[in-house]
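Hi everyone, thanks for coming. I'd like to walk you through a structure today, so please have a look at the picture while I talk.

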Amino acid sequence: MAASAEDRRWLAAAIALAERGRGLTGNNPSVGCILVKDGRVIGRGWTQSGGRPHAEAVALAQAGAKAEGATAYVSLEPCAHESDRGPACAEALIAARPARVVAALTDPDPRTAGKGFAKLAAAGIVVEHDVLPDAARQSLTGFLTRIGKARPHVTLKLATSLDGCIALADGSSRWITGEPARAHAHLERARCDAILVGANTVRSDAPKLDVRLPGLENRSPRRVMLGSGTAPEGWEVIRSPQEVAGLNCNSLIVEGGAQTAASFLRAGLVDRLMLYRAPILIGGGKPCLGDIGLDSLADAHERWALCDARMLGKDRFEVYEATPCSQA
């Protein structure tokens, strides 16, 4: 039978649950799973730190024998491939015997890619899939980018004045934006796998790039330096933007200076722009971007689509997603 309004409500809850694992699951997707029986939740889970156990395994462990005859709501197709880190979720569900599995999205990983659904159906479990796919894609953006483009999803974060400066001429930049905007930027850090700045920023500012929000301090992302030379202990180094593929993670925030930001834009490797804009004018300060390789003004148009805008205290926050021509 087709997914009902109640199915969509429970599945939306499973997608929201998946957000708890964002930034902690390595190159695994952060998935949410809720088991419901007779209108009550009997088990729930999300992908745990490092990628294991998977969401389905956590939810099934909570439900125990009650899982038989239940409905499993999962934000991504249950995996079908065996791993030395744990059993396939499709097999675990088959053993638990839920009556139905309602999934938001088919797994693009070729090791599963429909095989999980096929196994469940062959075992007599009713499968409804591609329910709320847009919401699931948004939640799984990093994983989907890594599978589809063999690199992490890249967000470029800029905090600027109204006239596009990131610092005074002498480099002073604390603080351009207010406390609410800075707190929001730290929350974004907590939801990503890695954060990158240029070598000059590392040497001149010695940034911590950690998460300084109460209760989220342990969610600081991996630190990456772009450029040459030796990085501080605990940092990773890449020599060019193209080397982000070797980071083997789902999401990356670029917080570097003007040249670092421009290098990722020139390479067509920015998927999302996150702009914090303070209601101040600097004039003669350091610009937020260097040369991004445009040959004409016409080439600057139709590259970015506004997808979010709001106020964070006195600062304006905007999010733009790259259009296909921006990564051509």
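Let me start with helix 7, which gives the most to the lining of the largest pocket, with seven residues. Before I go on, please keep in mind that this is a predicted model.

So how much space lies in the largest pocket? About 1,400 Å³. There are 42 residues that line the largest pocket, and the closest to its centre are K157, S173, T201, D205 and E255. If you like to think in terms of chemistry, the lining of the largest pocket divides by class into 20 nonpolar, 12 polar and 10 charged residues.

Helix 7, residues 179-190, has company there. At least two lining residues each also come from strand 6 (153-160), strand 7 (165-167), strand 8 (194-198) and strand 13 (286-287), and from helix 8 (199-205) and helix 9 (258-266).

Now, several of those elements take us to a sheet. Which strands make it up, and in what order? Eight of them form an open sheet, in the order 10-9-8-11-6-12-15-14, with mixed pairing. At the edges sit strand 10 (235-238) and strand 14 (304-312), each of which pairs on one side only. From one strand to the next, the twist averages 25°.

Let me zoom in on strand 6. Strand 6 runs parallel to strand 12, residues 272-277, and six bridges join the two. If you want one pair to find on the screen, take T155, whose bridge partner in strand 12 is R272. Helix 7 comes back here, as it packs on this sheet and touches strand 6, strand 8, strand 11 (251-254), strand 12, strand 14 and strand 15 (315-322). The direction of helix 7 makes about 160° with that of strand 12.

Moving along the sheet, strand 8 is joined by five bridges to strand 9, residues 222-226, and these two strands run parallel. G198 has L226 in strand 9 as its bridge partner. How does the chain get from strand 8 to strand 9? The chain passes through helix 8, and this β-α-β crossover is right-handed. Strand 9 also runs parallel to strand 10, with four bridges between them. Here V224 stands opposite E236 in strand 10.

As a quick reminder, strands of a sheet pair through backbone hydrogen bonds, either parallel or antiparallel. For an antiparallel example, let's turn to another sheet.

Five strands form this open sheet, in the order 2-1-3-4-5, and the pairing is mixed. Its edge strands are strand 2 (40-46) and strand 5 (126-128), each pairing on one side only. The twist averages 15° from one strand to the next. Strand 1, residues 32-37, runs antiparallel to strand 3, residues 71-74, and four bridges join them. V36 has its bridge partner, T71, in strand 3. Lying across strand 1, strand 2, strand 3 and strand 4 (100-103) is helix 1, residues 5-18, which runs at about 145° to strand 1.

Last stop: the second largest pocket, with a volume of about 1,000 Å³. It is lined by 45 residues, and R22, Q138, T141, H153 and R272 are the closest to its centre. You have met R272 already, as the bridge partner of T155. Which helix gives the most to this lining? Helix 6, residues 141-149, with seven residues. By class, the lining of the second largest pocket has 16 nonpolar, 17 polar and 12 charged residues.

Thanks for listening, and I'm happy to go back to any part of the picture.

Terms used
Residues numbered from 1 in each chain as written. Predicted model: local features only at pLDDT ≥ 70, side-chain atom pairs only at ≥ 80, totals over all residues. Heavy atoms only, no water. 1 Å grid on protein atoms, 1.4 Å probe; cavity = no way out; pocket = protein on both sides within 12 Å on 5 of 7 lines; lining within 4 Å. Points joined across faces, edges and corners; volume = space filled by probe spheres on them. Nonpolar A, V, L, I, M, F, W, Y, C, P; charged D, E, K, R; others polar. Pairing = 2+ DSSP bridges. Axes fitted to C-alpha atoms, helices over the stretch in contact; angles between N-to-C directions. Contact = heavy atoms within 4.5 Å. Right-handed = clockwise from strand over helix to strand, strands pointing away.
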